[in-house]
Amino acid sequence: MTQVRETCSFRPGEVILYPGVPGPRDRVFQVLKGLVRLEAVDPEGNALTLRLVRPGGFFGEEALLGLERAHFAEAVTEVELLPLPQEPDPETLKALAVHLAQALAEGYRRIERLATQRLKNRMAAALLELMDTPLAREEEGKIVLRATHDELAAAVGSVRETVTKVIGELAREGYIRSGYGKITLLDLKGLRELAQSRGEGR
């Protein structure tokens, strides 16, 4: 007989895990629904998105080894999570290992972009990444992202004021249309070219 495990839910903006704080949530979680953001926050309150965890992905892997958490985990949308048992079965551990390998590769790409690309190009890459999350939906044949300038700043390692200028530049050049709390992607081909460039393009 298959054992039914209880899930837990969190609202948008709710912090799921805190760095250095053990407690009843000190587990490994699998995302069943929604989007979770892992981020580092400096003493001045500036945030940097480390990775986004989509449905099927895992986070909180430090708990498997009894390590102290170093980062925040926050619900970006309504999320439903499945806490893993203290000793997961081999298939779950294999899925977790695959996810972590993919997350590590994604982390390498983020580091490379931070070190080698101009902000405008990093922004294009971040917008394209958000297309594959619950923050994206299709409206009138276009992809619309629900994201604030603060969230985008955390995604590209910058500050809101600078990101607002870059968003305005992308809008003037016809890549996107920016509205209150949402961004419509108008030129996906152009955004992909920007994301793959170091900054010498148009």
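Which residues touch the most other members of the largest nonpolar core? Before I answer, please keep in mind that what we have in front of us is a predicted model. The core in question holds 28 residues, and those that touch the most other members are Met-123, Leu-127, Leu-152, Leu-170 and Ile-176. At least two residues of this core come from each of α3, α4, α5 (160–172), β12 (182–185) and α6 (188–196), and the largest share, 8 residues, is supplied by α3. If we take Met-123 and leave aside residues up to four places away in sequence, it touches Leu-152, Val-156, Val-163, Val-166, Ile-167 and Leu-170. There is also a second, separate core of 13 residues, with Val-53, Ala-75, Val-79 and Leu-81 among them.

Let me turn to how two of these helices meet. The axes of α3 (residues 119–130) and α4 (residues 149–156) come within 9 Å and cross at roughly 110°, and the two helices are therefore roughly perpendicular to each other. On the α3 side the contact is made by Leu-119, Arg-122, Met-123, Ala-126, Leu-127 and Leu-130, and on the α4 side by Leu-152, Ala-155 and Val-156; these residues divide into 8 nonpolar, no polar and 1 charged.

Finally, I would like to look at helix α2, which covers residues 90–116. Its 27 residues should span 39 Å at 1.5 Å a residue, and its end C-alpha atoms are indeed 39 Å apart, which agrees. Thr-92, Leu-96, His-99, Ala-103, Glu-106, Gly-107 and Arg-110 are buried in this helix, and the buried residues of α2 pack against β5 (47–53), β6 (58–59), α1 (62–65), α3 and α4.

Methods: Residues numbered from 1 in each chain as written. Predicted model: local features only at pLDDT ≥ 70, side-chain atom pairs only at ≥ 80, totals over all residues. Heavy atoms only, no water. Axes fitted to C-alpha atoms, helices over the stretch in contact; angles between N-to-C directions. Helix = DSSP H or I, 4+ residues; strand = E, 2+ residues; numbered from the N terminus. Parallel < 35°, antiparallel > 145°, perpendicular 65-115°, else oblique. Contact = heavy atoms within 4.5 Å. Nonpolar A, V, L, I, M, F, W, Y, C, P; charged D, E, K, R; others polar. Core = buried A, V, L, I, M, F, W, Y, C linked by side-chain atoms within 4.5 Å. Buried < 20%, exposed > 50% of the residue type's maximum accessible area, 1.4 Å probe, protein only. Expected span 1.5 Å × (residues − 1).
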